[in-house]
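Hi,

Here is the structure I promised to pass on. Have a look at it first, and my notes follow below.

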Amino acid sequence: MLQFVSNKGGGEPVDFETAILDGFAVDGGLYVPETLPQITHNHLKKWKDLSYVDLAFEILSLFIDRSIISEKDLKKILQLSYAPFEKHEIIPLYPLQSRKDTYVMELFHGPTISFKDVGLAFLVNLVNFFLERKNEHLTLVVATTGDTGPATAYFAAGKSNLDAWVLYPKGLITEEQERQMTTLQQSNIHPVGVANCPDGGDDLDLVISKLYANTAFKEKLKLSSVNSINWGRVMMQTVHYFYGYLQVVNQIGEEINFSVPSGGFGNLCAGALAREMGLPIKYLVAANNKNACLHRIFSEGRFSKDKIHETVSSAIDILIPFNFWRFLYFRMNKDANKVKKWMDTFKDTGLVEFDKETFETYKKGFLSNSSNDIETLDTIHEIYKNEDYLLDPHGAVSLHATDVLKNKLEGNKLICLATAHPAKFPNVIQKALKINKLPKNATHFSINEAKRFCEKVHLCDHQYLEEALIHAMETNWDLTKGK
Ligand SMILES: *Cc1c(COP(=O)(O)O)cnc(C)c1O
């Protein structure tokens, strides 16, 4: 049976269920499968015409032993997870008219209209399946730069085996994203708006790690997380690379390129692992905004923490691409000692400068770029004007990167990932299009609907977050579970 280990090498191997329910490995590392399943052209040929859900079933079955989830249950969880998506293709591809062989993969047709729905729909339902079977309860705590929070809250809402605490940096996400969390009425959803976060969403991750380190508290409330430290997120996100590939190629074996608007590297890590599994990908483009953490890694060999820049693509205003360590583990032939040394060095000093050999090894097959706000806004404007198609600011970051890198990418088909619906960023769209009234494709009924509800939210200052949160969480626990 496929076991899961920490990429830092500590602890014992665990089974799939444990890896999912624990989130972090015991040594603070990230869970990875002991070996990556390999796929061949024959697999791809067989999968060519599968629907998204059927393809997901095939790929997940490579990681999940039937003794842990039966075929029937896995199919049921997948169907339940993707039923609320508004397009029957789940993730449709739009061929751009103004760029040759270029497709936009629309990952935003889930209920909270961002790509986070794609991973979290399955992961939250999976966690809930395990909990129901064991008759246990978990408290999920996640931090968000605007999209993880709404998706987690949506899929956890009303599930009696789960409580979800979703932390967001107040003022650094859009009002639309905020209301997606604060207008849910179910009593197991607890949004927390945190004022004065100097480093945005990364600050909240830090506080969550402190809660985890508080063993008595963690045990009492049974804390876990579904952010992209959780293997389930990365695993599920490999599926859209396979799906996109099979949709656009003429012939199995043909190599294509992907461009991905990136922050935490969860999405790109999934693409990189899909390639390691055997999917014919030539280049993966790490598309950053001005917060160029991945661009520095892939162009300079430096994993470093800069100060945060607020940008129009706020969901990727992220300083620490922690999923890079998961990818690096595989690229370095599973040398957990090396990965541990780097991860510890980064934790202690905020900087890792990779030696030349390591740098050359990991950057193979990657390109990167950092776009500024003007370039992002211009890209939205150009595509809207030329083909009446509206990109959100993150989709625009991914397309702009490929415009810059055009000479290196030519000759292969290209898929740009669009990770959010423009309706989540109306002010940015207005600025880009230089108009006051929003076009219809910049609106969404769910965003309008949320305006009709009162907001329900905990608010506090970053300075006091840890104690305020412990207090709020314990009070809720004692009132609802402690009786
Ligand atoms: C989370 C998010 C990203 C970045 O994904 P990572 O896995 O953190 O790299 C990109 N775009 C949007 C809209 C997001 O919400």
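Which cavity does the ligand take up? The ligand fills the space of the largest cavity (on a 1 Å grid over the protein atoms alone, a set of points where a 1.4 Å probe fits but cannot get out). Please keep in mind that this is a predicted model, where local features need pLDDT of at least 70, side-chain atom pairs count only at pLDDT 80 or more, and totals for chains, interfaces and linings use all residues. Residues are numbered from 1 along each chain as its sequence is written, and side-chain values use heavy atoms, with hydrogens and water left out.

Around the ligand there are 15 residues (a heavy atom within 4 Å). This shell splits into 6 nonpolar, 7 polar and 2 charged residues, with Gly counted as polar and Asp, Glu, Lys and Arg as charged. Among the closest are Gly264 and Thr419. Oxygen atoms of the ligand lie 2.7 Å from a polar side-chain atom of Lys116, 2.5 Å from one of Asp147 and 2.9 Å from a polar backbone atom of Asn267. The protein buries 97% of the 380 Å² that the ligand exposes when taken alone (Shrake-Rupley method, 1.4 Å probe).

There is also an open sheet of 5 strands, paired in parallel in the order S8-S5-S6-S7-S15 (DSSP runs of E, at least two residues; pairing needs at least two bridges). Its edges are S8 (223-224) and S15 (458-461). S6 (162-169) and S7 (189-195) share 6 bridges, and Leu167 stands opposite Val192 in S7.

Best wishes

Technical notes. Polar contact = N/O pair within 3.5 Å; in protein donor to acceptor, adjacent residues only side chain to side chain. 1 Å grid on protein atoms, 1.4 Å probe; cavity = no way out; pocket = protein on both sides within 12 Å on 5 of 7 lines; lining within 4 Å. Sits in = over half its atoms within 2 Å of the grid points. Helix = DSSP H or I, 4+ residues; strand = E, 2+ residues; numbered from the N terminus.
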